[in-house]
Structures are given as C-alpha cells and as structure tokens.
Amino acid sequence: MNSTVTQLPSWASSSPLMENYYLTEWGVPVTDETGVFERVSLEVFQCGLSWSTILARREAFREVFHSFEVDRVAAMGESDVERLMGDRRIIRNRRKIEATIGNARAAQVLREEGSDLATLIWSYVPEETYAPQVQEEIPSRDETSTRMSKDLKARGFSFVGPTTCFALMEAIGVVDTHLVTSPRRGSSGVFGSDGRRADAATL
C-alpha cells in the first residue's frame, strides 16, 4: 500500500476528490492575490459546511465569481446576488455571497494602501510551525489566526473568524500541520526540517 495514502487524515480519505486535493494542493503555498482570494472565498462558503461540499462545487464557484479576479468580483451588484441566489450549482447563502463581494472590495482597498491580500495573509507566517504526532494535537485556531481575524475584520472583511483563518493558513501553507510522520510534511518549503520558518526571501 502506498505509504502516502496511509498517512491521509480522516477528512482527506472520504473521497477520491478529497484525497487528490490533500495530496496535490493542501498545504502548498498560494502567494498570488487571485489564488489567495479564491481560498478566502471558498473558506467563507465552507463555514458551517464540510470542505467536500465546497470542493465539489469549486468549478461552479469559479465560473460565477469570475475566476475570483478581485476587480471583477468587486464590481458585482445586487442583480448578481439575486442571480447567484437562483444558481443551484453553488451554496445559495445570501450573506456569504454578499460577503465575498464585500471582501473583494476590501481587497481593493488594500491595494490602494500599497499592499494586497496575499501580502497581508503571508505576513502572518509564524517563526515556528506545529509538530503534531497525532491529529488530536492540531488546533482549530490559535493566537496567530486570532490576530489575523481581527486584522481582516478591521479592514472590512467578513466571515473570517479565527477558525476560518486557521483553516486558510493550513490550506495555503502559512502553517504546516502535516503529522511529523507524513511524507507530505515540509512539502510547502516554508518551514525547515526543524519546523522553523525558512528564509522569507524563498517564499
């Protein structure tokens, strides 16, 4: 049996779709604005739902939200919200749809201030990541995700609580929560074998 497959966390072993996501994307750095905005948006829709539910609708989300290009999403209005509320291919939650559009507008403001969403999120890379032996040692939120949540909310973002922020950090490689025995451990290149942050210039 493939040793990588035996190391799958329970959430990643529920379907071939989830397994492929874990083995090819989860924990791999995403550092461009569009990519980070997509992950933030998908985490928004995931609130209260399973990740498999979101992943199965990912292509539909990409279609209706213009491939998550910040400026195009920011330009969406009430007629777009109503249209999406009738689209059975996605999660038809008005507050989450409106939050995604609002978050795109907040991302535009970041640019006006000389930064961008990706730069802000990646400014929260901790000096040292986790070294879990078992899944139970991995938190659902921490001090860093709490600070990130407060920062994002202060900048006008919504549906970005500490738990959502921690899931985002795990998904795009800001922290590495792979078990120390997993072949995927360290695959992001963000942290060294000792668990400490690598040179920021390499990100």
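Which residues of helix 11 are buried? In this predicted model, the buried residues of helix 11 are Pro162, Thr164, Cys165, Phe166, Leu168, Met169, Glu170 and Ala171, so that eight of the ten residues of the helix are buried and the element as a whole is mostly covered. The cover over these buried residues is provided by elements that include helix 2 (16-24), helix 3 (33-46), helix 9 (117-122) and helix 10. As a general point on such elements, an α-helix has 3.6 residues a turn, and residues three or four places apart therefore point the same way.

The backbone on either side of helix 11 was also examined. In the loop between helix 10 (143-154) and helix 11 (162-171) lies Phe159, which is not a glycine and yet has a positive phi of about 60°. The relative accessibility of Phe159 is 23%, and this residue is classed as partly exposed because buried residues fall under 20% and exposed ones over 50%. After helix 11 comes Gly173, for which phi is again positive, with a value near 90°.

A further positive phi, near 50°, is found at His66, likewise a residue other than glycine. His66 is placed in the loop between helix 5 (58-64) and helix 6 (70-74), and with a relative accessible area of 23% this residue is partly exposed. For context, most residues other than glycine have a negative phi. Against that background, the positive values at His66 and Phe159 are noted here, each residue being located in a loop between two helices, helix 5 and helix 6 for His66 and helix 10 and helix 11 for Phe159.

Conventions:
Residues are numbered from 1 along each chain as its sequence is written. This is a predicted model: local features need pLDDT of at least 70, side-chain atom pairs count only at pLDDT 80 or more; totals for chains, interfaces and linings use all residues. Side-chain values use heavy atoms; hydrogens and water are left out. Helices (H or I, at least four residues) and strands (E, at least two) are DSSP runs, numbered from the N terminus. Buried means under 20% relative accessible area, exposed over 50%, partly exposed in between (1.4 Å probe, protein chains only). Contact means heavy atoms within 4.5 Å.
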